[in-house]
Amino acid sequence: MKATQGAAPDIAANTRDRLAAASAVAVLTGAGISAESGIPTFRGAGGLWKNFRAVDLATPEAFAADPQLVWSWYDWRRGLIASAEPNDGHRALAEMQNRFPRFTLATQNVDGLHSRAGSVDALKLHGDIWTLRCTACGHERQDLRTPLPELPPRCSCGALERPGVVWFGEALPTDVWEQAQQAAREADVFLVIGTSAVVYPAAGLVELAKTSGATVVEINVEATPVSHVVDVSWRAPAAQALPRLLA
Ligand code: OAD
């Protein structure tokens with residue numbers, strides 16, 4: 001099938017029809033869905049990776065070299081996220097989980113806004129910025145304080161804690177990744193929303209869904225490397241587009 005592009009009302013109606021016929025729906029979100037909540041994306045205009053180098057801040061090597069610097073950056077991001085609210089895009093996805101017998105939301109975001117909007121059991125492919133994990137004993141705890149009282153934070157065992165996120169060069173949590181792949185394989189409709197689709201393995205879910213037979217719908221303000229793979233390419237802000245799928 002050729003990618004559909006056209007007037008927004010047609011695309012919305014077309015996508016609604018495809019969803020109406022679906023029993024299994026899977027969704028992959030990226031930073032773009034939180035953009036309208038005021039949280040900066042990584043790439044594109046105003047993206048975090050324009051001003052910061054991933055290799056200095058989001059790798060195990062960066063943390064080993066300078067945990068204070070890495071934590072300062074995460075603490076700053078935690079503050080930005082804490083003052084943000086879920087938007088209509090997050091809320092529409094939370095509502096969608098009630099409408100389909102099988103619905104899986106996988107997100108690359110670590111901000112927790114899907115949960116705050118009411119999504120249950122979102123698969124956090126890249127972890128959770130509110131989780132702190134001990135580098136020695138592996139103990140995990142949630143800490144919602146911003147700023148954190150001590151940087152870098154320490155576990156009760158005395159060792160350094162790290163952000164509970166997945167860094168470049170690290171594997172995704174195995175169980176979460178397996179569930180996401182299974183959902184992509186079984187989906188009748190797969191929505192890919194607000195991601196540049198350049199970070200693997202998460203981006204590979206789009207191709208997996210497509211080759212497994214799903215109708216793939218991309219919602220993004222720009223074209224991405226998967227735009228030519230998808231069935232429907234809807235160029236629109238997620239917080240405006242997603243509520244229209246519930247109409
Ligand atoms: P990116 O910042 O790479 O991409 C954000 C995407 O959202 C872009 O394609 C934008 O065009 C799109 N976008 C922006 N505003 C939008 C809006 N209002 N509605 C819809 N789309 C919008 O973010 P991710 O793809 O999530 O990983 O990045 C993937 C991973 O790279 C992140 O999880 C993070 C990052 O480095 C790690 O830190 C490991």
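A residue counts as near the ligand if one of its heavy atoms lies within 4 Å of it. In this predicted model, 23 residues surround the ligand, and Phe42, Arg43, Thr195, Ser196 and Asn220 come nearest. The chain is assigned two domains, domain 1 and domain 2. Each of them gives at least three residues to the shell around the ligand.

**Domain layout**

- Domain 1 is assigned three segments: 1–38, 86–126 and 171–247.
- Domain 2 is assigned two segments: 40–83 and 128–165.
- The centres of domain 1 and domain 2, taken over C-alpha atoms, are 26 Å apart.
- Domain 1 puts 12 residues into the contact, and domain 2 puts in 11 residues.

**Domain interface**

- About 890 Å² is buried between domain 1 and domain 2.
- Carbon and sulfur atoms give 59% of that buried area.
- On the domain 1 side, Ala31, Val110 and Asp111 supply 43% of the area buried against domain 2. No other three residues supply more.
- Across the interface, the rule finds 1 salt bridge.
- Lys124 and Asp128 form a salt bridge, with their closest N and O atoms 3.3 Å apart. By the assigned bounds, Lys124 falls in domain 1 and Asp128 in domain 2.
- Between the two domains, 3 residue pairs are in polar contact, with both residues at pLDDT 80 or more.
- The side of domain 1 that touches domain 2 has 5 nonpolar, 4 polar and 3 charged residues.

**Polar atoms facing the ligand**

- Phe42 has a backbone N or O atom 2.6 Å from an oxygen atom of the ligand.
- Trp49 uses its side chain: an N or O atom there is 2.9 Å from a ligand oxygen atom.
- Gln108 has a polar backbone atom 3.2 Å from an oxygen atom of the ligand.
- By the assigned bounds, Phe42 and Trp49 belong to domain 2, and Gln108 belongs to domain 1.

**Ligand cover and shell**

- On its own, the ligand has 800 Å² of accessible area, and the protein covers 92% of it.
- The shell divides into 11 nonpolar, 9 polar and 3 charged residues.
- Among the nearest residues, Phe42 and Arg43 lie within the bounds of domain 2. Thr195, Ser196 and Asn220, also among the nearest, lie within those of domain 1.

How values were computed
Residues are numbered from 1 along each chain as its sequence is written. This is a predicted model: local features need pLDDT of at least 70, side-chain atom pairs count only at pLDDT 80 or more; totals for chains, interfaces and linings use all residues. Side-chain values use heavy atoms; hydrogens and water are left out. Domain bounds come from an automatic or database domain assignment. Contact means heavy atoms within 4.5 Å. Buried area is the accessible area (1.4 Å probe) that two parts lose on being put together, summed over both. A salt bridge is a side-chain nitrogen of Lys or Arg within 4 Å of a carboxyl oxygen of Asp or Glu. A polar contact is a pair of N or O atoms within 3.5 Å; within protein, one must be able to donate a hydrogen and the other to accept it, and residues adjacent in sequence count only if both atoms are side-chain atoms. Ala, Val, Leu, Ile, Met, Phe, Trp, Tyr, Cys and Pro count as nonpolar, Asp, Glu, Lys and Arg as charged, and the others, Gly among them, as polar. Accessible areas come from the Shrake-Rupley method with a 1.4 Å probe; for residues, only the protein chains shown count as cover.
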